[in-house]
Amino acid sequence: GDVAKAKLNAALQLTARGLPFIYYGEEIGMQNSRLPAKDSQDAVAHHFRWVPQLGHDILRGSSILLNRDECRTPMQWDASPNAGCCPAGVKPWLPADPRYPQCNVAAQQHDPESLLNCYKRFLTARRATPALHAGSSTFIPLPQADILAYKRTAAVADKTQEALIFLNMSARTVSFDNPAPDAALLVSTRSRSEALCGTYIHLAPWEGIVLLRSS
């Protein structure tokens, strides 16, 4: 439910070494919907039909879903009936989450600070940057415990490309010496980042950035 943390999660997911998977709706911040087991289409929920709804709710609070349909509600495209997944008057396979009028693709599409556009920025950067999608990975030691920092490295033509990732895992602004003052800002979780300041890096709360350099 925290957009800033969701953006930071996207930054980690799309810059760490490995193959990222994005579950539909994650890119706009869709949340699990509270769907009574009796209204579910899920075979697992039907198997546990004998469990009272209170039991489902208690387990749900521990992130255990006996009803997997709670994370399968229709994609929230816009604020129209059924979240734009099907026309008004048509009953969808599962009901749309009641928060869809505020949380949907159309509402975020033209907002540069939206979670959706943060995903787009990082996906674009990953696709265009060999170091991010094919490079090796090493941690960058920093004295600040709140900062997760690592470097992705790849050979591009006759040069070495380095992407340096800095993720502020805290609710406070953090400043530290820039270990790569010759690198340029490639992408940030904020549409207008002010992270680079001379020989220092200033990260806003929950901000993540990628710096890029070639040598």
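Here is a short exchange about a predicted model of a protein chain.

Reader: What makes up the secondary structure of the protein chain?

Author: The protein chain has 6 helices and 8 strands. From the N terminus on, the elements run α-α-α-α-α-α-β-β-β-β-β-β-β-β. The C-alpha atoms fill a box of roughly 60 × 35 × 35 Å along the principal axes. Of the 215 residues, 40% count as buried.

Reader: Why are S1 and S5 said to stand at the edges of the sheet?

Author: Start with the order. The open sheet has 5 strands, arranged S1-S2-S3-S8-S5, with antiparallel pairing. Strand S1 (136-139) and strand S5 (184-188) each have a single partner strand, so one side of each lacks a neighbour in the sheet. On average, neighbouring strands here are turned by 25 degrees against each other, direction ignored.

Reader: How do you know that S5 and S8 pair?

Author: Two strands pair if there are at least two bridges between them. S5 and strand S8 (residues 208-214) are joined by 4 bridges. Therefore the two count as paired, and they run antiparallel. Ser188 stands opposite Ile209 in S8.

Reader: What makes helix H1 a helix that packs on the sheet?

Author: Its contacts do. Helix H1 (residues 3-13) touches strand S2 (147-156), strand S3 (159-168) and S8. Touching here means heavy atoms within 4.5 Å. The direction of H1 makes about 155 degrees with that of S3. Helix H5 (residues 115-128) lies across S5 and S8, and runs at about 130 degrees to S5.

Reader: Which strands pair with S7?

Author: Strand S4 (residues 174-177) pairs with S7 in the antiparallel sense over 4 bridges. Strand S6 (residues 196-197) does so over 2 bridges. The cut-off is at least two bridges, so S6 and S7 also count as a pair. Ile201 in S7 has Phe176 opposite. Leu196 also stands opposite Ile201.

Reader: What makes S6 and S7 a hairpin, and what is the phi of Gly198 in the turn?

Author: The hairpin has 2 residues between S6 and S7. In the turn, Gly198 has a positive phi of about 65 degrees.

Reader: Which side chains of S7 are buried?

Author: In strand S7 (residues 200-203), Ile201 and Leu203 point to one face and are buried. Tyr200 and His202 point to the other face and are not buried. Buried means under 20% relative accessible area, so Ile201 and Leu203 fall under that cut-off. In a regular strand the side chains alternate between the two faces of the sheet.

Reader: Why is the space lined by Leu35 and Ala37 called a cavity?

Author: A cavity is a set of points where a 1.4 Å probe fits but cannot get out, which is why the name applies. The structure holds 1 cavity of 30 Å³ or more. The largest cavity has a volume of about 50 Å³. Its lining includes Leu35, Ala37, Gln53, His56 and Arg60. The lining residues divide into 5 nonpolar, 3 polar and 2 charged.

Reader: And what makes the largest pocket a pocket rather than a cavity?

Author: A pocket is an open set of points, whereas a probe in a cavity cannot get out. The largest pocket holds about 380 Å³ of space. Of its 20 lining residues, Val3, Ile28, Gly29, Met30 and Leu115 lie nearest the centre.

Reader: Which helices supply the lining of the largest pocket?

Author: H1, helix H4 (105-108) and H5 each supply at least two residues. H1 gives the largest share, 3 residues. The lining of the largest pocket divides into 8 nonpolar, 7 polar and 5 charged residues.

Definitions and conventions. Residues are numbered from 1 along each chain as its sequence is written. This is a predicted model: local features need pLDDT of at least 70, side-chain atom pairs count only at pLDDT 80 or more; totals for chains, interfaces and linings use all residues. Side-chain values use heavy atoms; hydrogens and water are left out. On a 1 Å grid over the protein atoms alone, a cavity is a set of points where a 1.4 Å probe fits but cannot get out, and a pocket is an open set with protein on both sides within 12 Å along at least five of seven lines; lining residues have an atom within 4 Å of a point. Grid points are joined across faces, edges and corners, and a volume is the space filled by probe spheres set on the points. Ala, Val, Leu, Ile, Met, Phe, Trp, Tyr, Cys and Pro count as nonpolar, Asp, Glu, Lys and Arg as charged, and the others, Gly among them, as polar. Axes are lines fitted to C-alpha atoms, for helices over the stretch in contact, and angles run from 0 to 180 degrees between N-to-C directions. Buried means under 20% relative accessible area, exposed over 50%, partly exposed in between (1.4 Å probe, protein chains only).
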